[in-house]
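Student: Could we go through this structure together, one question at a time, with the reasoning spelled out before each answer?

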Amino acid sequence: MVFPVSFGWIQILLLVLVVGALALLITAVFKARRVGWRVLVGRGMSAVGLVLVAVVILWITTLLQTFLGLTGEVKAAHIEAKSVAGQEHLMSVDLTLYGDKDHADTHATYQVEGDMWVLQANIVELEPWVNALGFHSGYKVTRLYGQRLDGVATKQNQIFLNGSDKDFFQDMKDQSWYTKPFVRSAYGNAVIATPGTYDVFISRDAIKTRPA
């Protein structure tokens, strides 16, 4: 499971404000022990002000990121799918899965039965306030398979990617996903498209694709 992190100027500003507020509170307590609690009132009000500013900025950031799709999209894969000449309901799917600093990119070509390709991913949707801190929802691309335009079920087994996702769904069955305070929900999600060249993206709560 990948949890991309985007640490920008908003997160840096929030961190500075919180650290500044804590520093004022701590120094005020030590100062008050020596010179009296009037100092605590003065410094404490400044610290409370900084905390309030940080909370307001976090709230506004959460609202803005909710409106804009929160932390945006992560490019997860690239697909080139072609119908196999002379073969009905059969595609050749060239799939590149993009990794991160801990995982290398992978590339492979598969024969997929069907007229449309389906790419499925596990999604761990985080709470909006966690997204506001720069953490993108977690994802793992796990399955590739095909569907027929006429609705007839294909006979080919689904192709596992990045290993099996059995543990992920077993956790869901056992209700071991904790939805508070960080995780809003966890589920499988899929994108379906006809042959062509596409880039695949993971948003805050879904997998999606656009022509490359």
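Student: Among the contacts in the protein with a separation of 6 or more, what share is accounted for by residues 24 or more positions apart?

Tutor: The model is a predicted one, and its contacts are pairs of residues with heavy atoms within 4.5 Å. When the contacts with a separation of 6 or more are taken as the whole, the part that joins residues 24 or more positions apart comes to 62%.

Student: How much confidence does the predictor assign, and in which element is confidence lowest?

Tutor: The mean pLDDT of the protein is 80, with 63% of the residues at 70 or more. Over residues 65-71 the pLDDT is below 50, although this stretch has 14 contacts in the model beyond near neighbours in sequence. Confidence is highest in strand S2 (residues 90-97), at a mean of 98, whereas the lowest mean, 58, belongs to residues 37-67, that is, to helix H2.

Student: How many helices and how many strands are there, and in what pattern do they follow one another?

Tutor: The protein contains 4 helices and 9 strands. Read along the sequence, the elements give the pattern α-α-β-β-β-β-α-β-β-α-β-β-β.

Student: In what order do the 4 strands of the open sheet lie?

Tutor: The pairing in this open sheet is antiparallel, and its edge strands, each of which pairs on one side only, are S6 and strand S7 (183-193). Helix H4 packs on the sheet by touching S4 and S7, and its direction makes about 130 degrees with that of S7. Read from one edge to the other, the order is S6-S5-S4-S7.

Student: Over how many bridges do strand S4 and strand S5 pair?

Tutor: Strand S4 (residues 116-126) and strand S5 (residues 138-147) run in the antiparallel sense. Asparagine 122 stands opposite lysine 140 in S5, and leucine 119 has leucine 144 in S5 as its bridge partner. The pairing of S4 with S5 extends over 9 bridges.

Student: Which residue of S6 stands opposite arginine 143?

Tutor: S5 and S6 run antiparallel and are joined by 2 bridges. The residue of S6 that stands opposite arginine 143 is phenylalanine 160.

Student: Is S5 mostly covered or mostly open, and how many of its residues are buried?

Tutor: Of the 212 residues of the protein, 38% count as buried. S5 is mostly covered, and the number of its 10 residues that are buried is 8.

Student: Which strand gives the most residues to the largest nonpolar core?

Tutor: In soluble globular proteins, nonpolar side chains tend to be buried together. The largest nonpolar core here has 26 residues, and those with the most contacts inside it are Leu95, Trp117, Leu119, Val141, Leu144 and Leu161. S1, S2, S4, S5, S7 and strand S8 (196-202) each supply at least two residues of this core. The strand that gives the most, with 5 residues, is S1.

Student: Which residues does tryptophan 117 touch, and how many residues form the other core?

Tutor: Leaving aside residues up to four places away in sequence, tryptophan 117 touches Ile79, Ala81, Met91, Tyr145, Val191, Ile192, Ala193, Thr194, Tyr198, Val200 and Thr209. Apart from the largest core lies another, whose members include Leu126, Phe168, Val183 and Ala186, and its count of residues is 6.

Student: Why does glutamine 156 count as partly exposed, and at what distance does its side chain reach glutamate 113?

Tutor: Glutamine 156, in the loop between S5 and S6, counts as partly exposed because its relative accessibility is 28%, and the partly exposed class runs between 20% and 50%. Not counting residues up to four places away in sequence, glutamine 156 touches Gln111, Val112 and Glu113. A polar atom of the side chain of glutamine 156 lies 2.8 Å from the backbone oxygen of glutamine 111. The distance at which this side chain reaches the backbone nitrogen of glutamate 113 is 2.7 Å.

Student: Is histidine 89 buried or exposed?

Tutor: Histidine 89 is found in the loop between strand S1 (74-83) and S2, and its phi is near 60 degrees, a positive value in a residue other than glycine. Since its relative accessibility is 18%, and the cut-off is under 20%, histidine 89 counts as buried.

Technical notes. Residues numbered from 1 in each chain as written. Heavy atoms only, no water. pLDDT = per-residue confidence, 0-100. Buried < 20%, exposed > 50% of the residue type's maximum accessible area, 1.4 Å probe, protein only. Pairing = 2+ DSSP bridges. Axes fitted to C-alpha atoms, helices over the stretch in contact; angles between N-to-C directions. Core = buried A, V, L, I, M, F, W, Y, C linked by side-chain atoms within 4.5 Å. Polar contact = N/O pair within 3.5 Å; in protein donor to acceptor, adjacent residues only side chain to side chain.
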